[in-house]
Amino acid sequence: MTTRRHGEQRWGGRKGTGLLIGAVAAGLLLSPAFAGASEVTLYSARKEDLIRPAIEAFQKETGIRVTLLTGRAGELARRIELERGKPNGDVFLGTAAGITELLRQKGLLEPYASPYAREIPEEFRAADHAWVGITGRVRVLIYNTNRVKPAEAPESYFDLTAPRWKGQVAVASLGERTTVSWLAALMALKGEAATRQYVDALRANGLKVLKNNTEVRNAVARGEVAVGITNHYYYMLQLQEDPRSPIAIVYPDQGPTGMGTPVFSITAAIIKGAPHQTEARALIDFLLKPAGNRLLVEGEFEIPLLPRVAVVGADRGIRGLGQFKKAPVTQVQLAELEPTVERLFGSIFLP
Amino acid sequence: MALALPLWRRSRPLLAPAVGAVVALLVLGPLVFLAWMGVREGAGEFLLRVGPLGLPTVIGRTFLLAVGTTVFALALAVPLAWLVARSDLPGRRLLRWLAPLPLTIPPYIGAIVYQILLAPGGTLDLTVARLRSLPAHQVSVVPFYGLTGAGWVLGLFTFPYIYLLVEAALERANPALVEVARGAGLTPWQAFRRVTLPLLRPAVLSGILMVFLYVWADFGVVSLLRVRTLTTIIYDYVQGTLDWGVPAGLSLILTGITLLVLALQRHLLGRAGYVQIGSGARPPRPVPLGRARLPALVFAVLTLTAAFLLPVAVLAVQAARMRPAALAAFLWAQTPYFLNSLWTAAGGATAALLLALSIAWLQERRGRGFGLSTLCQVGYAIPGTVLGLGMVGFFSGIFPWLYATAGVVMAGYLVLFLTPALQAVKAALAQLPVSLEDAARTLGRGGLATFREVTFPLIRPGLLGGWLLAFILCMRELAATLILRPPGFDTLPVRVWIQTMDVGPEPGAAALALALVASIALPWLGILLAGRRLIAMT
């Protein structure tokens with residue numbers, strides 16, 4: 001009696017083990033590394049929900065299946081660097097030009113002059129076509145309207161060192177590339193010494209460094225801080241979440257002597273030695289064609305770099321290229337300064 | 001003659017070197033890669049660049065957090081274990097099932113939940129503001145961000161590590177010892193302090209080590225609750241820059257500190273040695289709590305509410321903000337990720353268990369391979385981010401065919417969670433008298449037959465426990481998976497992370513987190529019940 005029961009149990013155990021091994025083996029075989037067919041692998045540093053509509057439209061139009069790897073720009077660039085000999089990814093979508101330009105300098109990108117890139121202003125492209133800007137984001141200030149009256153709102157980044165804003169300003173850490181790009185813009189236009197001085201003054205004034213831009217917008221919307229230095233679409237995302245949020249947007253440094261508001265571009269590039277070159281080119285083309293580009297602009301509330309695509313959120317105060325004073329720096333200039341920014345300010349802009 | 005031996009017997013002397021090689025390769029390989037990258041890229045500049053980071057402060061802060069969390073976790077775990085194992089607390093059988101459940105909630109999800117409740121502008125502040133009719137931003141009831149919040153969350157969700165070990169030790173300890181002490185005229189408190197506590201010392205120390213090292217390596221909670229530690233600095237550099245020098249150097253510093261802690265623990269534990277001959281013949285007589293019954297019950301209920309019921313309820317409320325149809329469709333779309341989690345966790349846990357069994361057998365039956373435990377513990381104590389970074393570099397260089405496959409993800413799980421599996425297997429094997437195996441050998445059974453017919457059936461509950469613990473930990477792993485996963489191969493925790501990174505703790509993220517907790521908690525309960533039936537049958 002007991003023996004039989006033992007026998008049954010052992011058999012059950014073996015069957016379980018067999019099933020387990022089978023499942024693991026099946027999983028290994030079915031994992032994407034073994035898949036074939038017409039496909040393209042996208043390493044994207046963009047927020048996944050916001051980029052999905054464009055990707056789905058691309059899949060529908062071309063029949064090319066997109067495998068998406070979402071991560072932070074630095075992490076994805078490290079992968080590309082490690083995969084130098086045998087790349088797994090095809091297209092890299094970065095949040096700003098800095099990391100993409102570093103990849104270009106390391107010889108990790110494959111130049112591609114898309115016929116659709118011609119309408120993108122030259123300051124948003126790499127000279128050798130290694131990468132191209134596809135949409136733009138503007139470095140603005142947002143403030144909590146319960147805590148700040150419109151008349152008192154800061155008009156410049158440089159207002160934020162005043163005692164009025166002590167402990168009331170938040171910015172994202174350097175984990176967000178746009179923070180690095182913003183500091184690079186200051187360095188390009190004001191010089192290293194002035195930028196250092198400004199950062200020290202901000203710090204002395206109790207600057208709050210938060211983990212990412214989502215935290216910055218939450219902190220401003222909740223009234224935890226009065227002002228946030230962030231990108232324009234976080235203002236739109238907050239309004240999308242709650243249209244009655246007590247927040248407003250400022251395009252800083254617009255005055256006649258002001259440096260202007262910097263614009264950064266999302267960049268797309270083909271990885272050197274990418275296994276699916278044709279598909280990768282098709283994806284870049286799609287993102288640059290007005291129909292595809294519009295989906296990115298609409299999904300992410302970015303500003304269009306193409307003249308034929310309309311600005312989203314104009315009714316809430318969002319302005320397109322040419323509708324505000326843009327800081328006069330090119331993406332390549334920013335990218336070249338970014339490593340210096342990391343060295344100088346890396347240890348300060350940590351949460 | 002030697003040739004007539006079956007193959008496995010001839011190859012047995014190879015077991016120790018083979019196991020050693022696997023563990024050493026997987027643990028040391030990534031570290032060597034990081035050291036190499038650190039030296040190659042800016043070793044000279046390292047001190048210059050790390051200077052402004054204020055490392056002593058950062059390390060001191062992390063240490064403070066680890067100590068505080070450990071004390072808090074002890075204060076929850078030890079009384080709870082004693083109440084369950086030794087007292088006449090009403091409902092203690094139910095409590096025994098429920099108390100380990102906080103382990104099924106990954107601490108980073110716990111942090112999201114308490115952020116919703118306690119952060120400035122969160123539920124608590126809004127409620128208080130409404131009651132006192134003040135503007136929301138003027139109310140801040142608790143200082144949530146920083147060490148207090150992080151210690152609270154980490155303690156709540158790691159105390160079961162200590163609880164499990166202490167409760168098991170209490171079950172094993174012979175209750176007659178306490179009765180003798182009481183008979184000799186000691187008060188119950190004196191008996192606890194002088195008899196029970198020394199017996200619990202090894203379990204408590206192991207538990208302390210588990211929690212301490214967990215906090216030391218934690219990434220999710222501290223980054224959400226704004227405590228700057230070595231791990232968050234490393235991760236910020238990994239995320240935001242292409243720089244290898246700083247993160248590699250900091251990773252090595254972190255590993256060095258871990259080794260120091262391990263050496264200290266070995267030193268402390270080396271002096272504690274209590275061997276019990278035979279186990280308690282009869283179950284312990286429950287200690288009557290008397291007037292302490294109500295406070296004890298309140299303590300147990302509050303602990304479980306804060307560490308399990310409340311988080312689950314908050315997630316459910318958040319998820320319920322989605323319409324049922326949309327919710328169902330959303331969850332259905334996550335099936336592939338769920339399956340990814342399931343089979344990599346099962347594979348990782350199985351590999352960990354097999355390796356743990358080999359190591360435990362070498363140690364308990366052959367008296368060898370103790371250095372391997374330390375190696376394994378280094379693996380457990382390396383932050384997932386550091387391990388992931390080292391592993392991708394190591395595998396892409398040495399085993400390119402394995403790089404960016406699910407196999408590397410499982411290898412990562414193996415390194416991270418070999419220690420918990422090993423602890424469970426060793427505990428089971430240590431309780432089994434060698435004489436039983438010797439008797440089987442005398443009766444003519446070979447080594448393998450002895451294992452199959454005597455050892456395995458007796459240690460099966462322990463193996464099951466070890467596998468399950470490793471499985472749970474694999475299911476909820478985030479930091480290493482983020483770096484190790486192949487393109488298109490997301491797991492449930494990765495999806496939760498991507499969802500919260502997009503929009504904060506939104507209904508979708510809450511629903512996913514709830515699905516994750518359920519998929520960890522349900523097998524746990526199922527196997528606990530099955531395990532009880534197994535024990536009842538023997």
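**Entry 1: helix α2 of chain B**

I started at α2(B), where a kink of about 30° sits at B:L28, shortly before the proline B:P30. By bend I mean the angle between axes fitted to the seven residues ending at a position and the seven starting there. Helices (H or I, at least four residues) and strands (E, at least two) are DSSP runs, numbered from the N terminus. This is a predicted model, in which local features need pLDDT of at least 70 and side-chain atom pairs count only at pLDDT 80 or more, while totals for chains, interfaces and linings use all residues. Residues are numbered from 1 along each chain as its sequence is written, with chains lettered from A and ligands numbered from 1 in the order in which they are written.

I then checked the span of α2(B). Its 26 residues (15-40) should cover 38 Å at 1.5 Å a residue, and the end C-alpha atoms are 36 Å apart, which agrees. The expected span is 1.5 Å times one less than the number of residues.

Next I listed the buried positions of α2(B): B:V19, B:V23, B:L26, B:V27, B:G29, B:P30, B:L31, B:F33, B:L34, B:M37 and B:G38. A residue is buried if 20 or more other C-beta atoms lie within 10 Å of its own, exposed if 12 or fewer, and partly exposed in between, with C-beta atoms placed from the backbone. The proline B:P30, just after the kink, is one of the buried residues.

**Entry 2: helix α14 of chain B**

I found another kink, of about 50°, in α14(B), centred on B:T305. For the 27 residues of α14(B) (293-319), I expected 39 Å at 1.5 Å a residue; the end C-alpha atoms are 37 Å apart, which agrees. Its buried residues include B:T303, B:A307, B:F308 and B:P311.

**Entry 3: chain B as a whole**

I counted 24 helices and 0 strands in chain B. Of its 538 residues, 49% count as buried. Among contacts between residues at least 6 apart in sequence, 81% join residues at least 24 apart; a contact means that two C-beta atoms, placed from the backbone, lie within 7 Å.

**Entry 4: where B meets A**

I looked up the interface: 42 residues of chain B are in contact with 47 residues of chain A. Elements giving two or more residues on the chain B side include α12 (230-240), α16 (335-366) and α19 (406-431). The largest share, 6 residues, comes from α12(B). By class I get 21 nonpolar, 15 polar and 6 charged residues on that side. Here Ala, Val, Leu, Ile, Met, Phe, Trp, Tyr, Cys and Pro are nonpolar, Asp, Glu, Lys and Arg charged, and the others, Gly among them, polar.

**Entry 5: domains of chain A**

The domain assignment, automatic or from a database, gives domain 1 (36-136 + 264-313) and domain 2 (137-262 + 336-345) of chain A. Their C-alpha centres lie 27 Å apart. The contact takes 13 residues from domain 1 and 12 residues from domain 2.

**Entry 6: confidence**

I noted ipTM 0.79 and pTM 0.81 for the model. pLDDT is the predictor's confidence in each residue, from 0 to 100. Chain B has a mean pLDDT of 81, with 88% of its residues at 70 or more. Its residues 272-280 are below 50, and that stretch has 11 contacts beyond near neighbours in sequence. For chain A the mean is 86, and 89% reach 70 or more. Residues 1-13 of chain A are below 50, with 0 contacts beyond near neighbours in sequence. Where pLDDT is low, the predicted coordinates should not be read in detail.
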